[in-house]
Amino acid sequence: MLKQFDDIRPRAVVRCRSAEDVAEAVGFARSHGIRCVVRSGGHSFAGYSTGAGMVIDVSGLHRIEVAGDVVRAGAGAQLVDLYDATLRHSLAVPTGWCPTVALGGLALGGGIGLETRKHGFTVDHVLSATLVLADGRTVTCDEHRHPDLYWAVRGGGGGNFGIAVEFAFRPVPVGDLLDYRLTWPWEDATAVVDAWQRWAPDAPDDLASVINIGVEDAGGGSAPDLTVAGVWHGEPAAGERLLRELTDRVGRAPASWSATVRDYRATIMDWFDCDGFTPAEAHLVGHNPAARIERYAFSVSRGGFFDSVVPAAGLKELLAAVTDRPFAGQRRDLNFIALGGAGNRVAPDATAFVHRGARFYAGYSADMDPVVPEHGPQAARAWIDGAFGTLSRWWSGRSYQNFMDSRLADWRRAYYGENLARLQRVKQRYDAERFFDFPQAI
Ligand SMILES: Cc1cc2nc3c(=O)[nH]c(=O)nc-3n(C[C@H](O)[C@H](O)[C@H](O)COP(=O)(O)OP(=O)(O)OC[C@H]3O[C@@H](n4cnc5c(N)ncnc54)[C@H](O)[C@@H]3O)c2cc1C
């Protein structure tokens with residue numbers, strides 16, 4: 001997805017079409033002492049799905065089958081195709097809002113999206129996973145078969161225990177949604193974020209809500225835009241009442257307000273930033289002849305989970321960081337994603353996904369596209385490290401293992417918390433020789 005890792009040149013890229021191909025590639029790599037990493041959708045923020053050895057690419061394992069109340073999908077299936085297939089049956093597997101992310105990475109590490117507060121994280125819907133292990137065996141784990149592996153693959157993160165080739169999911173029924181978008185001027189930002197952080201995480205499960213604070217060019221001079229957006233899965237009038245509750249709490253009228261009932265397919269395509277696209281078009285250029293999404297030149301992001309309300313003084317610091325160290329040619333964002341609801345009613349040790357007490361996730365990102373200015377990457381990293389330093393005065397110390405951050409100091413604790421020791425035991429059991437390894441491998 002990100003062009004910034006293109007200068008890493010693997011010795012070989014093995015494009016697999018079946019679990020047998022994957023097992024053969026693993027056997028070849030083992031017998032020749034070649035290090036290998038696996039790639040499904042190629043969206044690792046830290047570039048951990050490429051390397052100097054062998055890349056085992058499972059994007060060709062993308063078959064999706066909806067049979068009654070079970071959805072089976074290959075690890076290479078991308079989110080737009082998963083939604084397309086399941087929505088034909090008025091079903092969805094709760095995943096995320098990027099069309100080209102693949103299940104291989106997403107479903108092993110968590111999965112946050114429009115259905116998280118109502119139905120839980122993607123990992124909460126995994127009924128079974130089939131993996132090719134380091135010794136070449138193909139095993140299916142579920143509640144009864146390899147239960148320790150089944151526990152670990154639901155949050156342990158990609159690239160750790162084996163190569164996932166297929167998942168079975170429990171989908172959820174879906175219907176029309178109230179799709180809403182409210183904006184406020186930048187000077188109201190502290191009041192909006194303060195009201196939102198007390199409102200969204202405690203709202204009924206039917207609410208999905210994010211705040212985006214974005215500045216198109218961080219060269220200075222233009223104020224960031226502030227949008228509160230999301231969906232309401234319940235009865236529209238109740239959703240509108242809840243939105244009015246937010247605006248009352250903010251105490252300042254929004255500059256714009258839209259709340260429209262839309263069918264699920266149109267809504268998710270809009271959230272994919274693919275409004276009006278066909279599913280075939282909502283792929284990266286090169287994936288198929290119709291694909292229209294271009295790969296990004298450069299992106300860096302850092303963030304973490306928040307377990308409690310941030311005082312207004314802290315919010316002011318978080319917001320001020322957005323415009324700190326101006327640099328022309330960078331797009332900057334600060335996003336808040338509301339959690340709570342169904343995802344937090346699962347015990348932190350029921351699956352390897354430990355982040356069950358978070359009220360919200362907040363993260364900064366800097367993007368440059370299509371032009372990366374001279375000194376752009378250093379400037380973006382310097383800015384984001386400063387902003388992250390501010391954020392880490394207020395966060396819970398926990399970070400999302402699907403937003404891998406190569407500069408995170410205590411990443412083991414941050415991604416896995418009290419589940420770390422058990423994950424290390426599972427790693428020892430299934431991959432004692434660390435055949436599957438990368439800088440932030442368990
Ligand atoms: C633009 C963008 C938008 C995103 N949006 C969301 C979102 O809405 N919600 C959300 O929760 N996350 C989101 N993410 C994060 C995403 O979930 C992770 O980056 C995820 O790891 C990507 O999976 P992938 O298969 O596409 O990536 P890859 O780069 O292929 O894989 C990511 C990691 O998993 C490993 N891996 C990949 N496939 C397998 C496999 N089959 N078996 C074992 N290990 C494997 C890789 O080796 C690598 O370490 C987003 C990321 C990006 C870049």
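These questions and answers walk through a few features of a predicted model.

Visitor: How many disulfides does a search of the whole structure find?
Guide: A disulfide needs two cysteine sulfur atoms within 2.5 Å. The search covered the whole structure. The number of disulfides found is zero.

Visitor: Why does C16 form no such bond with the closest cysteine sulfur?
Guide: The cut-off for a disulfide is 2.5 Å between sulfurs. For C16, the closest cysteine sulfur sits in C36. That is too far for a bond, because the distance is 9.9 Å.

Visitor: Which cysteine has the sulfur closest to that of C274?
Guide: Again, a disulfide requires sulfurs within 2.5 Å. The C274 sulfur has its closest cysteine partner 8.4 Å away, so a bond is ruled out. That cysteine is C98.

Visitor: Is C274 buried or exposed?
Guide: Buried means under 20% relative accessible area. C274 has a relative accessible area of 1%, so C274 is buried.

Visitor: And is C16 buried or exposed?
Guide: Use the cut-off of under 20% once more. The relative accessibility of C16 is 1%. Therefore C16 counts as buried.

Visitor: At what angle do helix 6 and helix 7 pack?
Guide: Helix 6 covers residues 189-199, and helix 7 covers residues 236-250. Their axes lie 8 Å apart. The angle is about 135 degrees.

Visitor: Which word describes helix 6 relative to helix 7?
Guide: The angle between them is about 135 degrees. Roughly perpendicular ends at 115 degrees, and roughly antiparallel starts over 145. The angle falls in neither class, so helix 6 is oblique to helix 7.

Visitor: How many nonpolar residues are in the contact of helix 6 with helix 7?
Guide: Helix 6 contributes residues including A191, V192 and W196, while helix 7 contributes residues including L242, L243 and L246. Among the others are R198 of helix 6 and E245 of helix 7. By class, the contact has three charged residues, no polar ones, and a nonpolar count of nine.

Visitor: Is D148 in helix 5 buried or exposed?
Guide: D148 lies in helix 5, residues 147-153. D148 touches V426, R429 and Y430, leaving out residues up to four places away in sequence. Its relative accessibility is 18%, and the limit is under 20%. So D148 counts as buried.

Visitor: How far apart in space are G105 and R265?
Guide: G105 is part of helix 3, residues 103-109. At 34% relative accessibility, G105 is partly exposed. G105 and R265 are 160 residues apart in sequence. In space, C-alpha to C-alpha, the distance is 23 Å.

How values were computed. Residues are numbered from 1 along each chain as its sequence is written. This is a predicted model: local features need pLDDT of at least 70, side-chain atom pairs count only at pLDDT 80 or more; totals for chains, interfaces and linings use all residues. Side-chain values use heavy atoms; hydrogens and water are left out. Helices (H or I, at least four residues) and strands (E, at least two) are DSSP runs, numbered from the N terminus. Buried means under 20% relative accessible area, exposed over 50%, partly exposed in between (1.4 Å probe, protein chains only). Contact means heavy atoms within 4.5 Å. Axes are lines fitted to C-alpha atoms, for helices over the stretch in contact, and angles run from 0 to 180 degrees between N-to-C directions. Angles under 35 degrees count as roughly parallel, over 145 as roughly antiparallel, 65 to 115 as roughly perpendicular and the rest as oblique. Ala, Val, Leu, Ile, Met, Phe, Trp, Tyr, Cys and Pro count as nonpolar, Asp, Glu, Lys and Arg as charged, and the others, Gly among them, as polar.
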